[in-house]
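Biologist: I should like to go through this structure step by step. Please show the sequence and the model before we begin.

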Amino acid sequence: MNLDAINRDLTALSPQEIIASALADARAPVLTTNFGPHEAAILHMVTQVKPEIPVVWIDSGYATGATYRFARQLIDRLGLNIRIYHPEYSRAYRSAVMGGVPEVDTPEHDEFTRQVKLEPFARAMASEAPDVWLTAIRKDQTAFRQELEVASETRDGYLRIAPLLNWTELDVEEYLVEHDLPIEEDYYDPTKVMGHRECGLHTSVSRQNKE
């Protein structure tokens with residue numbers, strides 16, 4: 001694929017136009033979500049174009065009660081074709097064996113992240129076998145994401161499309177308000193802990209790993 005040409009075409013478009021363009025040629029697209037505070041925006045945009053698109057959620061078991069209720073609300077309201085993938089071992093088992101969530105930036109936390117996010121994500125992608133993966137990542141979230149383009153090829157050969165990449169948090173919130181979509185701030189990701197960290201999912205699948 002000619003990524004330079006794809007990005008020249010997509011970068012000038014709005015997120016909604018990027019989504020429509022990406023889905024027009026997709027054979028087996030998939031949308032991922034973590035049901036974070038602003039995820040209703042990408043979920044709404046994509047399902048307006050393709051209501052039946054598979055929506056993959058890696059449920060680590062560590063989300064807050066508010067996040068699980070938020071997820072249920074959006075699944076019902078948007079009629080999401082949700083595909084939930086869990087870690088191989090339960091939170092209770094991991095707490096007993098690992099003593100809870102390990103301290104970040106340690107080998108133990110790296111293994112924890114592999115177990116609760118990276119392995120289930122790899123299993124989900126193998127099962128769904130997408131040619132196009134839509135994600136809500138934005139440049140203003142982490143240093144690594146500032147170097148990404150709207151379209152990029154993953155190590156496994158499918159196309160990662162980030163329609164909101166050049167939007168700011170304010171842009172997303174304005175969209176949510178305009179479409180009367182909810183925001184849920186009570187969110188916790190144990191693989192990141194701090195908002196500016198990469199959990200390793202996007203860096204690990206990138207063809208050029210900048211982590």
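**A histidine and its surroundings**

Modeller: H38 is found in the loop between strand 1 and helix 3; helices (H or I, at least four residues) and strands (E, at least two) are DSSP runs, numbered from the N terminus. This is a predicted model, in which local features need pLDDT of at least 70, side-chain atom pairs count only at pLDDT 80 or more, and totals for chains, interfaces and linings use all residues. Residues are numbered from 1 along each chain as its sequence is written, and side-chain values use heavy atoms, with hydrogens and water left out.

Biologist: Does H38 count as buried or exposed, and why?

Modeller: Buried means under 20% relative accessible area, exposed over 50%, and partly exposed in between, with a 1.4 Å probe and protein chains only. Contact means heavy atoms within 4.5 Å, and, leaving aside neighbours within four places in sequence, H38 is in contact with E169, V172, E173, L176, I183 and E185. Because its relative accessibility is 14%, H38 counts as buried.

Biologist: How many residues of helix 3 are buried?

Modeller: Helix 3 spans residues 39–49. Its buried residues include E39, I42, L43 and V46, and among the elements that cover them are helix 2 (15–24), strand 1 (29–33) and helix 7 (169–178). The helix is mostly covered, the buried count being 9 of 11 residues.

Biologist: Which element supplies the largest share of the largest nonpolar core?

Modeller: A nonpolar core is a set of buried Ala, Val, Leu, Ile, Met, Phe, Trp, Tyr and Cys residues joined through side-chain atoms within 4.5 Å. The largest one has 40 residues, and L31, F35, I42, L43, V46, L134 and I161 have the most contacts inside it. The largest share of this core, 6 residues, comes from helix 3.

Biologist: Which residues does L43 touch, not counting those up to four places away in sequence?

Modeller: L43 is one of the buried residues of helix 3. It also belongs to those with the most contacts inside the largest core. The residues that L43 touches are L31, T33, F35, V55, L74, L78 and L80.

Biologist: What is the order of the strands in the open sheet?

Modeller: Two strands pair if DSSP finds at least two bridges between them. The edge strands, each pairing on one side only, are strand 3 (81–85) and strand 5 (151–153). The sheet has 6 strands with mixed pairing, in the order 3-2-1-4-6-5.

Biologist: Which residue in strand 6 stands opposite V132?

Modeller: Strand 4 and strand 6 (residues 159–161) run parallel and are joined by 3 bridges. Opposite V132, in strand 6, stands L159.

Biologist: At what angle does helix 6 run to strand 2?

Modeller: Axes are lines fitted to C-alpha atoms, for helices over the stretch in contact, and angles run from 0 to 180 degrees between N-to-C directions. Helix 6 (residues 107–128) lies across strand 1, strand 2, strand 3 and strand 4. Its angle to strand 2 is about 160 degrees.

Biologist: What is the radius of gyration of the protein chain?

Modeller: The chain has 8 helices and 6 strands, and its C-alpha trace spans about 50 × 40 × 30 Å along the principal axes. The radius is taken over C-alpha atoms, and the globule rule is 2.2 Å times the number of residues to the power 0.38. For 211 residues, a compact globule would have a radius of gyration near 17 Å, which agrees with the value for the protein chain, 17 Å.
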